[in-house]
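Here is a walk through one model, section by section. Keep the viewer open and follow along.

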Amino acid sequence: IYASFVTLQWTPAEHNGHEVTRHVLKFANEPDFSDAQELEPTVVCKAGLDTADLRHLKKERYYFQLAAVNCVGQSEWSETLCVDMGVFKKQPALPEN
């Protein structure tokens with residue numbers, strides 16, 4: 001978590017014979033996702049994990065769910081992840097030597 005963005009990371013989905021072609025990210029400020037929006041994140045594989053940077057977030061609480069998509073269809077939504085951008089605290093500067 002950074003001042004206005006967060007990097008989400010997860011274990012790549014099993015292909016089950018059909019390669020994942022994209023991901024769908026659902027996010028909301030309400031835990032019941034009544035105000036949910038969806039987007040297609042840019043996913044990058046880093047050290048064996050899939051990652052996506054979400055930028056320009058307001059200092060609010062966000063709820064996220066992710067789904068993988070392939071030629072057969074969309075997976076079920078992941079477990080919900082809650083991130084509170086309002087509790088971010090800037091790290092103190094390192095002392096100069």
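## Leu 8 and the core around it

Start at Leu 8: leaving aside residues up to four places away in sequence, Leu 8 touches Leu 25, Asp 50, Thr 51, Ala 52, Leu 54, Phe 64 and Leu 81. Bear in mind that this is a predicted model.

Leu 8 also belongs to the largest nonpolar core, a set of 13 residues. Which residues have the most contacts inside this core? They are Val 6, Leu 8, Leu 25, Leu 54, Leu 57, Tyr 62 and Phe 64. Strands S1, S2, S5 and S6 (61-70) each supply at least two residues of the core. As background, nonpolar side chains tend to be buried together in soluble globular proteins.

## Rings and charges

Two of those core residues deserve a closer look: Tyr 62 and Phe 64 are both buried. The count of aromatic pairs comes to 1. That pair is Tyr 62 with Phe 64, and it counts as stacked because the ring planes are at 20 degrees, with the centres 6.1 Å apart; the cut-off for stacking is under 30 degrees.

Now for charges over rings. Lys 26 lies over the face of Phe 33, at 5.0 Å from the ring centre. Arg 55 does the same kind of thing with Phe 5, lying over its face at 4.4 Å from the ring centre.

## The open sheet

Back to the strands. The order S1-S5-S4 describes an open sheet of 3 strands, with antiparallel pairing. Its edge strands are S1 (6-10) and S4 (44-46), each of which pairs on one side only. On average, neighbouring strands here are turned by 40 degrees against each other, direction ignored. In general, strands of a sheet pair through backbone hydrogen bonds, either parallel or antiparallel.

S1 has two faces worth colouring in: Val 6, Leu 8 and Trp 10 make up the covered one, while Thr 7 and Gln 9 make up the uncovered one.

## Who pairs with whom

How many bridges join S1 to S5? There are 5, and S5 covers residues 49-54. On the uncovered face of S1, Thr 7 has Asp 53 as its bridge partner in S5, and Gln 9 stands opposite Thr 51. From the covered face, Trp 10 stands opposite Asp 50.

On the S4 side, 3 bridges join S4 to S5, again antiparallel. Here Cys 45 stands opposite Asp 50, the residue that Trp 10 of S1 also stands opposite. The hairpin of S4 and S5 has 2 residues between the strands, and Ala 47 takes a positive phi near 55 degrees there.

## His 23

Is His 23 buried or exposed? His 23 sits in strand S2 (residues 22-28). It counts as buried because its relative accessible area is 9%, and the cut-off for buried is under 20%.

What does His 23 touch, not counting residues up to four places away in sequence? The list runs to Trp 10, Leu 39, Glu 40, Pro 41, Val 43, Asp 50, Leu 66, Ala 67 and Ala 68. Among them are Trp 10 and Asp 50, which stand opposite each other across S1 and S5.

Terms used: Residues numbered from 1 in each chain as written. Predicted model: local features only at pLDDT ≥ 70, side-chain atom pairs only at ≥ 80, totals over all residues. Heavy atoms only, no water. Pairing = 2+ DSSP bridges. Helix = DSSP H or I, 4+ residues; strand = E, 2+ residues; numbered from the N terminus. Axes fitted to C-alpha atoms, helices over the stretch in contact; angles between N-to-C directions. Buried < 20%, exposed > 50% of the residue type's maximum accessible area, 1.4 Å probe, protein only. Contact = heavy atoms within 4.5 Å. Core = buried A, V, L, I, M, F, W, Y, C linked by side-chain atoms within 4.5 Å. Phe/Tyr/Trp six-rings, centres within 6.5 Å; stacked < 30°, edge-to-face > 60°. Lys NZ or Arg CZ within 6 Å of the ring centre and 35° of its normal.
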